[in-house]
Amino acid sequence: MTSINNGDETTGTTNEQYDLISVLYHALEGAATYEVYIQDAEEAEDDELVEFFSQLQEEDYQRAERAKQLLAKRITQQPAGVR
């Protein structure tokens, strides 16, 4: 399987940091999108979908928080002079 290299030379960021940033971005984007779905379900008075979309949103918030923690740890451990 071919891997996509979006870090290092392309962005000046390690692949691992780039990957974490991507996960963070997509988790937050997903959580924001679920808000719209929750509102739609509320307007339709569909409590089952409200619960489902709310659960997905919470999972994305948790995923984003974990990605932030891992990213912060790796940024603070980065040797001086490495961008």
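This is a short tour of a predicted model, stop by stop.

**Whole protein.** Start with everything shown. The protein has 83 residues, and 25% of them count as buried. Switch on the surface. About 6,300 Å² is exposed, with carbon and sulfur atoms supplying 51% of that area. Now colour by secondary structure. You will find 2 helices and 0 strands.

**Helix α1, then helix α2.** Select residues 15-43 for α1. Add residues 47-76 for α2. Look at how the pair is arranged. Their axes come within 8 Å and cross at roughly 160°. Angles over 145 degrees count as roughly antiparallel, so α1 is roughly antiparallel to α2. Turn the view to look through one helix at the other. The crossing of α1 past α2 is left-handed.

**The contact between them.** Keep both helices and show side chains. Which kinds of residue make up the contact of α1 with α2? The contact holds 21 nonpolar residues, along with 4 polar and 6 charged ones.

**Contacts across the chain.** Go back to the whole protein. Consider contacts with a separation of 6 or more. Residues 24 or more positions apart account for 52% of these.

**E65.** Finish with one residue. Select E65, which sits in helix α2. Is E65 buried, exposed or partly exposed? E65 counts as partly exposed because its relative accessibility is 37%. Now select L24 as well and draw a distance between the C-alpha atoms. E65 and L24 lie 41 residues apart in sequence, and their C-alpha atoms are 7.8 Å apart in space.

How values were computed. Residues numbered from 1 in each chain as written. Predicted model: local features only at pLDDT ≥ 70, side-chain atom pairs only at ≥ 80, totals over all residues. Heavy atoms only, no water. Axes fitted to C-alpha atoms, helices over the stretch in contact; angles between N-to-C directions. Helix = DSSP H or I, 4+ residues; strand = E, 2+ residues; numbered from the N terminus. Parallel < 35°, antiparallel > 145°, perpendicular 65-115°, else oblique. Left-handed = near helix turned anticlockwise from the far one by under 90°. Nonpolar A, V, L, I, M, F, W, Y, C, P; charged D, E, K, R; others polar. Buried < 20%, exposed > 50% of the residue type's maximum accessible area, 1.4 Å probe, protein only. Contact = heavy atoms within 4.5 Å. Areas by Shrake-Rupley, 256 points an atom, 1.4 Å probe, with all protein chains shown as cover.
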